[in-house]
Amino acid sequence: MVTVVDSFANLLETARDVFKRQFKGSPEVVACAPGRVNLIGEHIDYNDGFVLPMALPMVTLIVGSRNGSASQVNLVTLCEGVDEPRRCTFDSHNVTKGAPQWANYVKGVCHHFPHPIPGFSAVIVSNVPVGGGLSSSAALEVATVTFLQGLTGHKIPSDAAKALICQKAEHTFAAMPCARDVFKRQFKGSPEVVACAPGRVNLIGEHIDYNDGFVLPMALPMVTLIVGSRNGSASQVNLVTLCEVVDEPRRCTFDSHNVTKGAPQWANYVKGVCHHFPHPIPGFSAVIVSNVPVGGGLSSSAALEVATVTFLQGLTGHKIPSDAAKALICQKAEHTFAAMPCGIMDQLISVMGQENHALLIDCQSVTAQQIPLMSDELVLLICNSNVKHELSSSEYPTRRKQCTDALAAMGFTSYRDAKTTDCLTAVKDPVQLKRARHVITEIKRTQEASEALSRRDFVTMGRLMVESHQSLRWDFEVSCRELDLLVDTAVACEGVLGSRMTGGGFGGCTVTLVKKSHVQEVIDRIAVAYCTLGGTPTFYLATPSAGARLISP
């Protein structure tokens, strides 16, 4: 069968006519974006490969105008093959995902658009086949960001930045339908509980969370979702993960009343939380999906643990009394079921993250303070080196012991008692001395960084980030040539205020504070430089996002 699609002219005429009937006026902004067909290079875009697509003559059109309200958005879709209802209203200043699913792609772009969006009304029409593998979702997202530029008069500085906004929209607002669909197929019903928890990037304060220091992370828009329901059994848990780059098998069954660790490794994070959850857990079935990169230093493990404890609260009806208590359950899970003696930072920021804020965590008292992090001119660029050296897991406990031994040599019980580096004269072992010097100076840098952000002194913040990286490189010795190249290249670029490795080290990610106007140039220069090592980095534009939460199923 040959299908003849509507011409662009017919689509535009139809959209304009419907807009006039529905909203009693003529549209002032018209935006269009095409679908695509990939000529060759399939399933290697997320494996650092090359792809060769081309844009199609089939397009998605959005026609609309401001409607005089501060933030009310009224949408009508004429697209075939989408869920009902075909109308949707939401608040552009407080965007949440939900039914209908087609609107989540528009909502996601509105949520991540870096400028205020006034109220508007719009009609969507498309001749890109839904579900045909021709990227109808991307066409809708890109049409939306293009429409918003025309509506607000704010231009996104580069093509890459536009594409990243749309990618984040799909990651954060369209992941739940995927998990729901798999749950329905696997378990023959609809999920009753949906829990979500973000990954994190640490702006400064590395390897001092387990040394009673201060850390300054922020929650990411990238999240782990768990959707599930009770399954009628007393204690049988059935898990399915859709996450890439985890060990096989992707299914796991265990007894929630008698939890033991074992293969597959990814399930141990869920098992550990179940084991330490302070209330009885009935049998349940669940599907896990995530867009937090595994092994990238963005705390995919903490996101899974915190999503699990949030899910269990929704499933059992038992609320954990405090954010710190939730984070401690997850930390114990990682200690006992994943054999990683981590600090409290990753779990606490995943629990407590807030939009437009970083979180200053006092790891000695397990208390936290929200620090405003907003700028119209700057953005945080995360660069994943896509390497993870095997040293990372073995060196983590080694570094921790070296810090403890140095602390004992100084005669202190906490690094908070070591006010200056003068204390280091008591440390005779040269390696332990370097480790302790990093901890003492990094605690001071993190306190100064939170003060700088509070007064919007981003130049000082950038300088402290660079100093932090140099300390991690030379004193704590957890960097590697890939991370050093990424940081050195970034700080040499115009528009960059600071850059550093983030996470445990020996690979993973860097975080760079950069002017929005220079993002594309920085991305291009880093990508070219990184090619000299034979690698291909992955980039994410990050904004401080919300912490763990239950979502309406």
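**A tour of the predicted model**

Begin by selecting residues 451-526, the stretch that UniProt, in an unreviewed entry, lists as "domain: GHMP kinase C-terminal". In this predicted model, the C-alpha atoms at the two ends of residues 451-526 lie 30 Å apart, and the span is 53% helix and 21% strand.

Next, select residues 104-182 together with residues 268-354, which the unreviewed UniProt entry gives for "domain: GHMP kinase N-terminal". Within that selection, look at residues 268-354 on their own: the end C-alpha atoms are 28 Å apart, and the span is 56% helix and 8% strand.

Now show helix α2, residues 101-112, and helix α4, residues 159-173, whose axes come within 8 Å and cross at roughly 120°. Because of that angle, α2 counts as oblique to α4, and the crossing in which α2 passes α4 is right-handed.

To see where the two helices meet, display the side chains of Asn104, Tyr105, Lys107, Gly108, Val109, His111 and His112 in α2, which are in contact with Ile165, Cys166, Lys168, Ala169, Glu170, Thr172 and Phe173 in α4. Sorted by class, this contact of α2 with α4 is made up of six nonpolar, five polar and three charged residues.

Stay with helix α4 and select Lys162 and Asp159, which form a salt bridge with their closest N and O atoms 3.6 Å apart. Lys162 and Asp159 are three residues apart in helix α4, so about one helical turn separates them. To continue from here, look for other pairs of this kind, since a search of the whole structure finds 18 salt bridges.

Methods. Residues are numbered from 1 along each chain as its sequence is written. This is a predicted model: local features need pLDDT of at least 70, side-chain atom pairs count only at pLDDT 80 or more; totals for chains, interfaces and linings use all residues. Side-chain values use heavy atoms; hydrogens and water are left out. Axes are lines fitted to C-alpha atoms, for helices over the stretch in contact, and angles run from 0 to 180 degrees between N-to-C directions. Helices (H or I, at least four residues) and strands (E, at least two) are DSSP runs, numbered from the N terminus. Angles under 35 degrees count as roughly parallel, over 145 as roughly antiparallel, 65 to 115 as roughly perpendicular and the rest as oblique. A crossing is left-handed if the near helix is turned anticlockwise from the far one by less than a right angle, and right-handed if clockwise. Contact means heavy atoms within 4.5 Å. Ala, Val, Leu, Ile, Met, Phe, Trp, Tyr, Cys and Pro count as nonpolar, Asp, Glu, Lys and Arg as charged, and the others, Gly among them, as polar. UniProt positions are given in the numbering used here, feature names are shortened, and annotations may be inferred rather than shown by experiment. A salt bridge is a side-chain nitrogen of Lys or Arg within 4 Å of a carboxyl oxygen of Asp or Glu.
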